[in-house]
Amino acid sequence: MPATHITLVANDGSELTTQLLQQLEKGGQRAVVLNLPHIQNPITERAVTLAAASDEAVRKALETIQAQYGTVGSFIHLHPHFEFQQGNFTQHFPAEREIVKILFFLAKHLQKPLNALGRQQRASFLAVTRLDGQLGQGKRGNVSIIGGGVPGLVKCLNLEWPSVFCRALDIQPELPAKEIVAQILAELQDADASYVEVAFSEEGRKTTSVQPVAVAEHSEIRTRVTSDSVFLVSGGARGVTASCVIEMAKVFQCKFILLGRSSSNFEVPAYAKAEQEEGALKRLIMEDMKAKGEKPNLATVKSTYSHIVAKKEIDDTIARIKGFGGQAVYVQGDVTAPSSFRPALNAATAALGKITGILHGAGRLADKYIQDKTEADFEHVLSVKLDGLLALLQSVDIHQLDHLILFSSVAGFYGNVGQTDYAIANEILSKAAHLFKTNHPNTQVSAINWGAWDSGMVSGELKAQFEAAGVTLVNSEGGAAMLVNELNVAYADQPQAIIGGTLPAAVSYISEDLRTYRIHRHLALKANPFLNHHVIQGNAVLPVVNAVGWMAHTCEKAYPDFSIFKVENTRLFKGIVFDGTQKEDYIIELKEVEKSPEQIVFETTVLSEGEKLPTYHYKATVTLLNRKTDRKAPKFAHQLSGTYQPTSGAGLYEDGSLFHGHYFQGIEQILDCTESQIVLSCKAPEVPLSEQGQFPVGSVNTFFTDIQYQGMVVWVQKFMDGAKSLPLQTDSAVIYQPIPFGKELFVHVKIAEATDFKMVAECTVYDAEGAVYMVTKGATVTVSKQLVW
């Protein structure tokens, strides 16, 4: 960082802070400490202590740091580890909530300096929690969950601050401080911007993933919900939650206690009963006021309109529930304050029976960029979700609950612009679901991370923005049906689910200057099990295609909303052979040569340092396209010669024609083989992610890409007196769509040139419908009769 900038560390009061400071300073960074209020062991040297957990106190503390030490260019939040005792899961809520609030306002006031530096060079915002090293999914029964909301904040910042590197790290608290510090520094320096949320434990480093599940229409489900089930529902009389309880009544004829803030005692005027359109109804309200001799004013009109709409929606929800054979009682009260509804709730349970399920659907929005947020915004948004959940749980016998359904949001799981507080609240709910399921295994728990609905809190303007970004909205009828489906006992051990479309992906920051990155990687055979399937003369060899994928995917990870389109001028200088003498430390150099919001072009090099001069291993030119770009894939159909009898590809891996192990054995059939072409039917075997090691498949399936070169090797053996060959270089490879594992595809290899020393071809990958996945031109292999596998 510039000499004017410092790294700010939020002190959690443990030895971890001290050790982190030592390593930062050892690495040449000037570090300053912000002591959180009430912590043990505050640091006094190069430190400022926060006076209170407020927006103003945070602002003043950062002003002091700026004046005394410099501008913050990198920020590391160390979140204390909280465990509760004897089942008192709210034991640490006040203290931890205060810390999350401080972090929220630190982000607010760091927005300007971090983004300013980020437009010039690397600026970082790293938040470290110690829930369990499993992002709250480690099935511990005593972890305080408020810190689980921190990743929601960071994921939103990642979208609002494209020029700043943002990362949330949850690390196992029992790990030695030295190991935790090493991982914090590794995350801080990570070149991969495509991940925002990471977990680290003794099991290793993990990131979140989602598993798509197809839900067939009209499928029968088994459920514990009966007509005697009684659900306490927050926010259930209006909007999205109302749609869901109406569908539940339709299917189960069960009972509901609907808790809401709106008054049910309001009498809808006769003139308003038949009118639905907002403008017309407001005109009728004004006319009624004039008829009564009152002067219409905007505030009164809006208030009356809101009362009318609320009362009509409440009455309609209850009527529809009863119409489907269910029962419903409306209780007015503030979901965050149990005393406001306890007497009415007691009366309702006396009438309907004991509560067997909770559906927490209440929510509140205050959408603004982080720099515009207020304390009122933070408290109001968080309180409805968190305090509301606590109030509901305090109002029932939690040991007798059959169901706990929490309405969370993809805004927490993925992040969303303008919803930092909302994301925090919803991530806490999701963590609460995992905790509750761990401690109450007989309760079916589901935190539903809803995608945006086409109704409820999604305005028309926001709906248009989602549609423009390609985000699928949940329709009201389908969403309600999916909620009913979520009550299937088959999902009893799935406390968190996403229903609906995801949110827009991150937007990369496109600086005006062309930048150069030097990225270090320690390469180890034991970290890459797949290499044991690519062995030549007894030694594992890094396939050229994986080396090229390494360079290309590294470019892609620097700009997450771009993907690989073209790789050109690929050159092999000195391959990496794991014979015991190989280098272990390598550098990838990415040099931007062209950059726009639509396309970025890099010159990439893999090298290793030598005593005097570096050793160059691979080079390539990589072009990325914005993911929204239409690639207009061509069509292709092969023409078979009719002179070749198709043969099985399995024998090639058995008779010594090819040396490749299982993960690279993708040729299923040779359909044609003449002097001008070879046509293959191929399928890339599934390679587990854990086996892919440091070369995971991304936009380019490097395991399949190797298969087309295998076709060239087979052709050389047949038509060049049994000579062997290995990949040497490629002029260009254009990727039109990702190649999946396990899909039957065809590879057409058109021979362009064949000499005693090399063979050059053009390769096309396509499916049975003729859709092209990849076209490779100038694919070149060496030819040698002396080469042996």
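A residue counts as partly exposed when its relative accessible area falls between the buried range, under 20%, and the exposed range, over 50%. Keep that in mind as you walk through this predicted model.

**Stop one: Phe 413 and Tyr 414.** Select Tyr 414 to begin. Its relative accessible area is 27%, so Tyr 414 is partly exposed. Now add Phe 413, which counts as buried because its relative accessibility is 14%.

A search for aromatic pairs through the whole structure turns up 25. In the pair formed by Phe 413 and Tyr 414, the ring centres are 4.9 Å apart and the planes stand at 80°, so the arrangement is edge-to-face. Before leaving, show Lys 155 as well: Lys 155 lies over the face of Phe 413, 5.5 Å from the ring centre.

**Stop two: Phe 104 and Phe 105.** Select these two residues next. Both of them are buried. Their ring centres are 5.1 Å apart with the planes at 85°, so Phe 104 and Phe 105 also make an edge-to-face pair.

**Stop three: helix 3 and helix 4.** Stay with Phe 104 and widen the selection to residues 93–118, which form helix 3, and residues 150–160, which form helix 4. The two helices pack with their axes 11 Å apart, at an angle of about 10°. Angles under 35 degrees count as roughly parallel, and helix 3 and helix 4 are therefore roughly parallel to each other.

Which residues make the contact? From helix 3, pick Val 100, Leu 103, Phe 104 and Ala 107; from helix 4, pick Val 150, Leu 153 and Leu 157. Colour them by type and you will find seven nonpolar residues, with no polar and no charged ones.

**Stop four: a cluster of rings.** Now select Phe 530, Trp 550, Tyr 586, Phe 664, Phe 695, Phe 703 and Phe 741, which ring pairs link into a cluster. Focus on Phe 695 and bring in Arg 521, whose charged end sits over the Phe 695 ring, 5.6 Å from the ring centre.

**Last stop: a loop between two strands.** Find strand 2 (31–35) and strand 3 (47–49), then look in the loop between them for His 38. His 38 is not a glycine, yet has a positive phi of about 70°. Is His 38 buried or exposed? With a relative accessible area of 75%, His 38 is exposed.

Arg 46 is found in the loop between strand 2 and strand 3 too. Its phi is near 50°, again a positive value in a residue other than glycine. At 28% relative accessibility, Arg 46 counts as partly exposed.

Key
Residues are numbered from 1 along each chain as its sequence is written. This is a predicted model: local features need pLDDT of at least 70, side-chain atom pairs count only at pLDDT 80 or more; totals for chains, interfaces and linings use all residues. Side-chain values use heavy atoms; hydrogens and water are left out. Rings of Phe, Tyr and Trp (its six-membered ring) pair if their centres lie within 6.5 Å; planes under 30 degrees apart count as stacked, over 60 as edge-to-face and the rest as tilted. Buried means under 20% relative accessible area, exposed over 50%, partly exposed in between (1.4 Å probe, protein chains only). A charge sits over a ring if NZ of Lys or CZ of Arg is within 6 Å of the ring centre and within 35 degrees of the ring normal. Axes are lines fitted to C-alpha atoms, for helices over the stretch in contact, and angles run from 0 to 180 degrees between N-to-C directions. Helices (H or I, at least four residues) and strands (E, at least two) are DSSP runs, numbered from the N terminus. Angles under 35 degrees count as roughly parallel, over 145 as roughly antiparallel, 65 to 115 as roughly perpendicular and the rest as oblique. Contact means heavy atoms within 4.5 Å. Ala, Val, Leu, Ile, Met, Phe, Trp, Tyr, Cys and Pro count as nonpolar, Asp, Glu, Lys and Arg as charged, and the others, Gly among them, as polar.
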